[in-house]
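Visitor: I should like to go through this model in a series of questions. Please explain each term when it first arises.

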Amino acid sequence: MAALAEDIREAHHSEIDHMEKWMERWGHEPDEHGSHGDPSHGHHGMRSHEELEDLESAHGHGASRLYLEQMIDHHEGAVSMAEEHLREGEHSGVHELSEDVIADQRAEVEHMEEMLGDF
């Protein structure tokens, strides 16, 4: 579980880094949730403060199961946003990132769903 979490953290960091560089180049400052001030963006699959507290206080198999459930939902939200961008976005580099997010996170969801079967 720790290796999965670290792999996901590294992949997300790289994706966020790309997006933040684009935002800077385009003259925007992302807020802490990436919503850029628009409440309709950036919240697909994001965890509430209470959900994060539940995860932080969970232990053992319960913590692992909750992490997987929350991360699957988070990934599905990212896939949904990436698919939306492919339909509506204009920047070819962002399209490429969207395609990568869809492929990578769908594969991770499948892997996490298999892992859930162990709990």
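Visitor: What span should helix 3 have at 1.5 Å a residue, and how far apart are its end C-alpha atoms?
Guide: This is a predicted model, in which local features need pLDDT of at least 70, side-chain atom pairs count only at pLDDT 80 or more, and totals for chains, interfaces and linings use all residues. Residues are numbered from 1 along each chain as its sequence is written, and side-chain values use heavy atoms, with hydrogens and water left out. Helices are DSSP runs of H or I with at least four residues, numbered from the N terminus, and the expected span is 1.5 Å times one less than the number of residues. For the 29 residues of helix 3 that span is 42 Å, and the end C-alpha atoms agree, being 42 Å apart.

Visitor: How far does helix 4 reach from its first C-alpha to its last?
Guide: Helix 4 has 25 residues, for which 36 Å is expected at 1.5 Å a residue. The distance in the model is close to that expectation, at 36 Å.

Visitor: In what order do the elements of the protein chain run from the N terminus on?
Guide: The protein chain holds 4 helices and 0 strands (a strand being a DSSP run of E with at least two residues). From the N terminus on, the order is α-α-α-α.

Visitor: How confident is the predictor, and over which residues does pLDDT stay under 50?
Guide: The pLDDT, the predictor's confidence in each residue from 0 to 100, averages 84 over the protein chain, and 87% of the residues score at least 70. One stretch stays under 50, and there the model has 11 contacts (heavy atoms within 4.5 Å) beyond four places in sequence. That stretch is residues 33-42.

Visitor: Which elements give two or more residues to the largest nonpolar core?
Guide: A nonpolar core is a set of buried Ala, Val, Leu, Ile, Met, Phe, Trp, Tyr and Cys residues joined through side-chain atoms within 4.5 Å; buried means under 20% relative accessible area, exposed over 50%, and partly exposed in between, with a 1.4 Å probe and protein chains only. The largest such core has 10 residues: L4, I8, Y67, L68, M71, I72, V109, M112, M115 and L116. The elements that give two or more residues to this core are helix 1 (2-25), helix 3 (60-88) and helix 4 (92-116).

Visitor: Which residues does the second, separate core include?
Guide: This second core has 8 residues. Among them are A78, V79, A82 and V101.

Visitor: Against which helices do the buried residues of helix 3 pack?
Guide: The buried residues of helix 3 include nonpolar core members such as Y67 and L68, and also S64, Q70 and H75. They pack against helix 1, helix 2 (49-57) and helix 4.

Visitor: Is Q70 buried or exposed, and which residues is Q70 in contact with?
Guide: Q70 lies in helix 3 and counts as buried because its relative accessibility is 9%. Leaving aside neighbours within four places in sequence, Q70 is in contact with R47, E51 and L55.

Visitor: Is S98 buried or exposed, and what is S98 in contact with?
Guide: S98 has its place in helix 4. With a relative accessible area of 7%, S98 is buried. Beyond its neighbours within four places in sequence, S98 is in contact with A82, H85 and L86.

Visitor: How are the planes of W22 and W26 arranged in their aromatic pair?
Guide: Rings of Phe, Tyr and Trp (its six-membered ring) pair if their centres lie within 6.5 Å; planes under 30 degrees apart count as stacked, over 60 as edge-to-face and the rest as tilted. A search of the whole structure finds 1 aromatic pair. W22 and W26 lie 6.2 Å centre to centre with 5° between the planes, so the pair is stacked.

Visitor: Which of the two is buried, W22 or W26?
Guide: W26 has a relative accessible area of 41% and is therefore partly exposed. At 10% relative accessibility, the buried residue is W22.

Visitor: Which residues is F119 in contact with?
Guide: F119 is found in the segment after helix 4 and, at 35% relative accessibility, counts as partly exposed. F119 and H61 are 58 residues apart in sequence, yet 6.8 Å apart in space, C-alpha to C-alpha. Leaving aside neighbours within four places in sequence, the contacts of F119 are M1, H61, S64, R65 and L68.
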